[in-house]
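Work through the exercises below with the model open. Each task is followed by a stepwise solution.

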Amino acid sequence: MINILVVSERKDKCDYFNTLFNKNTYELSCLSDENLIFDLISADNPDIIIIDSQINNLKNLSKKIKSICNNTIIIFLVSSTKIEKELLKYANAFFTDDMSDDFVLSTINVNLRMKNSLEMLSNSNKDLADSLYRLNALYSTSSQFSGTLDKAKLIQYMIEGMDRALSFSLTCTLSFCTTNEPVLLLNSLYELSDELIEALKVRTVLNYNSLFEGKKPPFEINADSLKVIKQIKYPASRFTFSLFRFDNMFAPISLGENFFGCVEIFKESQFSPDDATCFQTIAQQVSLPLKSAALYQEIIEANSKLAKLERLKSEFISIVSHELRTPLTSIKNSLDILMSGRCGEMNESADKFLSMAMRNVQRLSGIINDLLDLSKIEAGKMDFHFAPTNINTVIDYVKSALSEVAKSKGLTIITEQQDCVPEITADAQRLEQVLTNLVSNAIKYTPENRTITISSKLINSKDIHINEYFKDSIHIADGDYVLVCVKDEGIGIEEKNLVHAFDKFAQIENSLSRKAGGTGLGLPIAKQLLEAHHGAIWCDSELNKGSEFYFVIPAAKALQLV
Ligand code: ADP
């Protein structure tokens, strides 16, 4: 029914419209006293108001009507077609006294159609604005989700996101992530009575159990012992009505087998289908980061267990090596005395056995020293005596120390030293240890009658080329370095094993390593010693062709070292 209000003191005009408008389609009210107009407008909200221009104070009246009912069609009834300009602002159309009935009816129809179209447009604009707002809320909530792996924070962001997107009155979130025990989070606009909280607890437990339809739920929860955490937006006011007057939605917060809780949301007005989609989306969206957070927590726990085990292992190695060293020193001293002949002459075969015992004692003491070195470096307890050092002196020393052993295997050690290599700040003894290890390995893993080359040169960081197996794990700062290379023509290392050469206790499986023995500690110790010099070590190798072990140490003159 179309509601028309005619405001005129002229009875004939009221009668005219009364007869013109069909009672089945139009409901017409006539008013002669303009003072009553606003009471009528607020009661009836007419679609069309026809105002006689002879009425008092027409302009003000029209202005006020326009400001109250923006969508109402206002038509002025004027005596002539000459219309005062200012009136044009307030009217949608004008009727003159001599207009035909058809013209009046068609003007009314055109305006009604326009009004309907405008209303439809405004409604779809409102829907569009609502969707945009909701999308925005969803977007900002999902950005928040991606920013944390803290499970309690994720649940809190979920609730805040639902509030932004759906403006709820109350949410009940059963969370298994907020504390170590299941907890019911009540986020409410107003304070909740104890009875309402009890009712919500029971309801949540029932909802939760209903998710598992007779199967055993992942956690047993009981309404009596369920812990509650309240967050009240306006604590000064209190909910006074029953929950049955609220519309509600419920969703589990889970991903596959992983169950993180469930959430129920209440609102005084009805939720729309779009609200339901948005609610389900947020509950689903939070499940993925919650799963990542759970995995992350597992990794952290496993890592801390591993770190603890590693510490225990290092402590154990350190204690055992110390304990072994004392009796070994005493055995070595006794062997020294026996071999010196101070306890009487030994016959030839006794001498042979004593020498064999001595060789094994020396080997054992080498292993124990390696173990002690490694545990000291790892615990940061290794003492370094840094001083200006010439790398060529270190190379010469190691070459002469190992030449005899090399010769006994038919190997030649040659050096290619650059004369101008600058001094480095280093612990010369530790560098000797590194180089001795590399050259000993070269001797160990090279068949007879070949050559081992030790070279040194000054190099700038931009000219250092580290192969693909090591380049990700080694970072070389800009500057000048002293580069040392130990090159052999030995058995080489298979590509897949290259990176493992520097792992602790790594012994790469090959025919010689088994025969040659060893602990797999030499290279990791060398690596750690060089790192303490702000240097790095890596190797290139080709199976059955040979290996090149490189290390660099910064050439900076007064490098401050730890
Ligand atoms: P080890 O005491 O076993 O020699 P290292 O840590 O010095 O321990 O070396 C680790 C492993 O790397 C060795 O077992 C060996 O398989 C391989 N390796 C080291 N140096 C060479 C080399 N020059 N040629 C071939 N393989 C080598």
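**Exercise 1. A salt-bridge network**

Task: Find which residues are linked with Arg10 in a network of salt bridges.

Solution. Apply the criterion: a side-chain nitrogen of Lys or Arg within 4 Å of a carboxyl oxygen of Asp or Glu. The network links Arg10, Lys13, Asp52 and Asp97. Then search the whole structure: the total is 22 salt bridges.

A note on the input: this is a predicted model, in which local features need pLDDT of at least 70, side-chain atom pairs count only at pLDDT 80 or more, and totals for chains, interfaces and linings use all residues. Residues are numbered from 1 along each chain as its sequence is written, and side-chain values use heavy atoms, with hydrogens and water left out.

**Exercise 2. Three pairs**

Task: Locate the salt bridges of lysine 126, arginine 134 and lysine 233, and place each pair in the fold.

Solution. Helices (H or I, at least four residues) and strands (E, at least two) are DSSP runs, numbered from the N terminus. Buried means under 20% relative accessible area, exposed over 50%, and partly exposed in between (1.4 Å probe, protein chains only).

1. Lysine 126 bridges to aspartate 130 at 3.9 Å, N to O. Both sit in helix α4 (residues 101-146), four residues apart, about one turn of the helix. Aspartate 130 is partly exposed because its relative accessibility is 35%.
2. Arginine 134 meets aspartate 275 at 2.6 Å, N to O. Arginine 134 is in helix α4 and aspartate 275 in helix α7, so the bridge ties together parts 141 residues apart in sequence. Both arginine 134 and aspartate 275 are buried.
3. Lysine 233 pairs with aspartate 163, with the closest N and O atoms 3.1 Å apart. This pair also links distant parts of the chain: lysine 233 is in strand β8 (residues 227-238), aspartate 163 in helix α5 (residues 151-166), 70 residues apart. Lysine 233, at 46% relative accessibility, is partly exposed. Aspartate 163, at 22%, is partly exposed.

**Exercise 3. Helix α8**

Task: Check the span of helix α8 (residues 348-378), then find what its buried residues pack against.

Solution.

1. The expected span is 1.5 Å times one less than the number of residues. For the 31 residues of α8 that gives 45 Å, and the end C-alpha atoms are 45 Å apart, so the two agree.
2. List the buried residues; among them are Leu354, Met358, Val361, Ile368 and Asp373.
3. Look for contacts (heavy atoms within 4.5 Å). The buried residues of α8 pack against α7, α10 (428-444) and α12 (522-532).
4. Step past the end: just after α8, glycine 380 has a positive phi of about 70 degrees.

**Exercise 4. Leucine 185**

Task: Is leucine 185 buried or exposed, and which residues does leucine 185 touch?

Solution.

1. Leucine 185 is in strand β7 (residues 183-191).
2. Leucine 185 counts as buried because its relative accessibility is 8%.
3. Leave out residues up to four places away in sequence; leucine 185 then touches Ile155, Ile159, Thr171, Cys172, Thr173, Ser175, Thr178 and Ile229.
4. Leucine 135 is 50 residues from leucine 185 along the chain, and their C-alpha atoms are separated by 25 Å.
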